[in-house]
Amino acid sequence: MPQITTKVLSFAVLGALALALSGCGDANPQASFDPAAGKHPANWLPAGHSTAAEEDINGCVECHGDALDGGIAKVSCLTCHIGGATSAHPVLWGGLAYALHAGYVGNNGTATCATALCHGTALAGVADSGPACTDCHMAGTAQAPQIHQWGGVSATTIQDIAGHKAYFQAAPSISFTTCRNAVCHGTTLAGVFASGPSCIKFGCHGSGNPLPAEN
């Protein structure tokens, strides 16, 4: 092959690579990709990438592949997103992850949850990503959490009621902080669908048996 032709082909290849890198950087204006470094900025994950994906998910395709399963970046969205490239959790969970995650963990374990960018390798939570298991689970271990410090999955309703009564009676002070959140018994303790029941209805702490005062 003539030398001049070899040089032309070399320049053409280099030009194509430059365009490819430029494409990765410019396809999505929210992506903050640095072509020179060949990667996103240090604070890109976990929270930074979601803004860009919501702005234009197609802008991620050029580098991460048509199915977002790796592409030329060799980084698959499925590494963290167990519900598909655009869904962190199984799609059918909808807004009920708090109620439906137990079945998934029971069948599959916590390996897909216990990652540095999801709920943390020790399931202690990650800022701007998955919460700590202990935000809701009062007892057990991160790998085998138990919702309350009494009862358990095999406890009867009567045993649960007796257990929570004994827990508060033994506590040095009364606080409903661990109960009063959006996915347990609700921020007003009025109950949460498919989760904790209302503390002030159903004959528990109604008008004749009010909640004890916090102190």
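Select Leu68, which sits in the loop between α3 and α4 of this predicted model. The phi of Leu68 is near 55 degrees, a positive value in a residue that is not glycine. Most residues other than glycine have a negative phi. Check the surface around the residue as well: Leu68 has a relative accessible area of 6% and is therefore buried.

Stay in the loop between α3 and α4 and move to Ser87. The side chain of Ser87 reaches the backbone oxygen of His89 at 2.4 Å. Setting aside neighbours within four places in sequence, the contacts of Ser87 are His81 and Ile82. Is Ser87 buried or exposed? Its relative accessible area is 16%, so Ser87 is buried.

**The loop between α4 and β1**

Helix α4 covers residues 97-108, and strand β1 covers 139-140. Three stops lie in the loop that joins them.

Begin with Leu123, placed in this loop. Leu123 is not a glycine, yet has a positive phi of about 60 degrees. With a relative accessible area of 3%, Leu123 is buried.

Next select His119, also found in the loop between α4 and β1. Which residues does His119 touch, not counting those up to four places away in sequence? The list is His89, Cys113, Ala124, Gly125, Val126, Gly130 and Pro131. His89 is the residue whose backbone oxygen is reached by the side chain of Ser87. His119 is buried, because its relative accessible area of 18% falls under the 20% limit.

The third stop is Ser129, in the loop between α4 and β1. Ser129 has 34% relative accessibility and so counts as partly exposed. Draw a distance from the side chain of Ser129 to the backbone oxygen of Cys118: the value is 3.2 Å. Then draw one between the C-alpha atoms of Ser129 and Leu117, which gives 7.0 Å for residues 12 apart along the chain. Beyond neighbours within four places in sequence, Ser129 is in contact with Pro46, Leu117 and Cys118.

**Pro46**

Follow the contact from Ser129 to Pro46. Pro46 belongs to helix α2, residues 44-55. Centre the view on the bond that leads into it: the peptide bond from Leu45 to Pro46 is cis, with omega near 5 degrees. Most peptide bonds are trans.

**The nonpolar core**

Select Phe168, Ile174, Phe176, Cys179, Leu189 and Cys199 together; these 6 residues make up the largest nonpolar core. In soluble globular proteins, nonpolar side chains tend to be buried together.

Within the core, pick Cys179 and show its surroundings. Apart from neighbours within four places in sequence, Cys179 is in contact with Phe168, Cys184, His185, Gly186 and Leu189. Of these, Phe168 and Leu189 are also listed in the core.

**Cysteines**

How many disulfides are there? The count is 0. Cys199 is in no disulfide, and the nearest cysteine sulfur, that of Cys179, is 6.2 Å away. Cys199 has a relative accessible area of 16%, so it is buried. Now display Cys77 and Cys60. The sulfur of Cys60 is the closest cysteine sulfur to that of Cys77, but at 6.6 Å it is too far for a bond.

**The salt bridge**

A search of the whole structure finds 1 salt bridge. Select Arg180 and Glu214, whose side chains meet in it at 2.7 Å, N to O. Both residues lie in the segment after α5 (157-170), so the pair ties together parts that are 34 residues apart in sequence. Arg180 counts as partly exposed because its relative accessibility is 32%. Glu214, at 40% relative accessibility, also counts as partly exposed.

**The whole chain**

Zoom out and colour by secondary structure. The protein chain has 5 helices and 2 strands, in the order α-α-α-α-β-β-α along the sequence. Of its 215 residues, 25% count as buried. Switch on the surface: the accessible area is about 13700 Å², and 62% of that belongs to carbon and sulfur atoms. Among contacts in the protein chain with a separation of 6 or more, 26% are between residues 24 or more positions apart.

Key
Residues are numbered from 1 along each chain as its sequence is written. This is a predicted model: local features need pLDDT of at least 70, side-chain atom pairs count only at pLDDT 80 or more; totals for chains, interfaces and linings use all residues. Side-chain values use heavy atoms; hydrogens and water are left out. Helices (H or I, at least four residues) and strands (E, at least two) are DSSP runs, numbered from the N terminus. Buried means under 20% relative accessible area, exposed over 50%, partly exposed in between (1.4 Å probe, protein chains only). Contact means heavy atoms within 4.5 Å. A polar contact is a pair of N or O atoms within 3.5 Å; within protein, one must be able to donate a hydrogen and the other to accept it, and residues adjacent in sequence count only if both atoms are side-chain atoms. Accessible areas come from the Shrake-Rupley method with a 1.4 Å probe; for residues, only the protein chains shown count as cover. A disulfide is a pair of cysteine sulfur atoms within 2.5 Å. A salt bridge is a side-chain nitrogen of Lys or Arg within 4 Å of a carboxyl oxygen of Asp or Glu. A nonpolar core is a set of buried Ala, Val, Leu, Ile, Met, Phe, Trp, Tyr and Cys residues joined through side-chain atoms within 4.5 Å.
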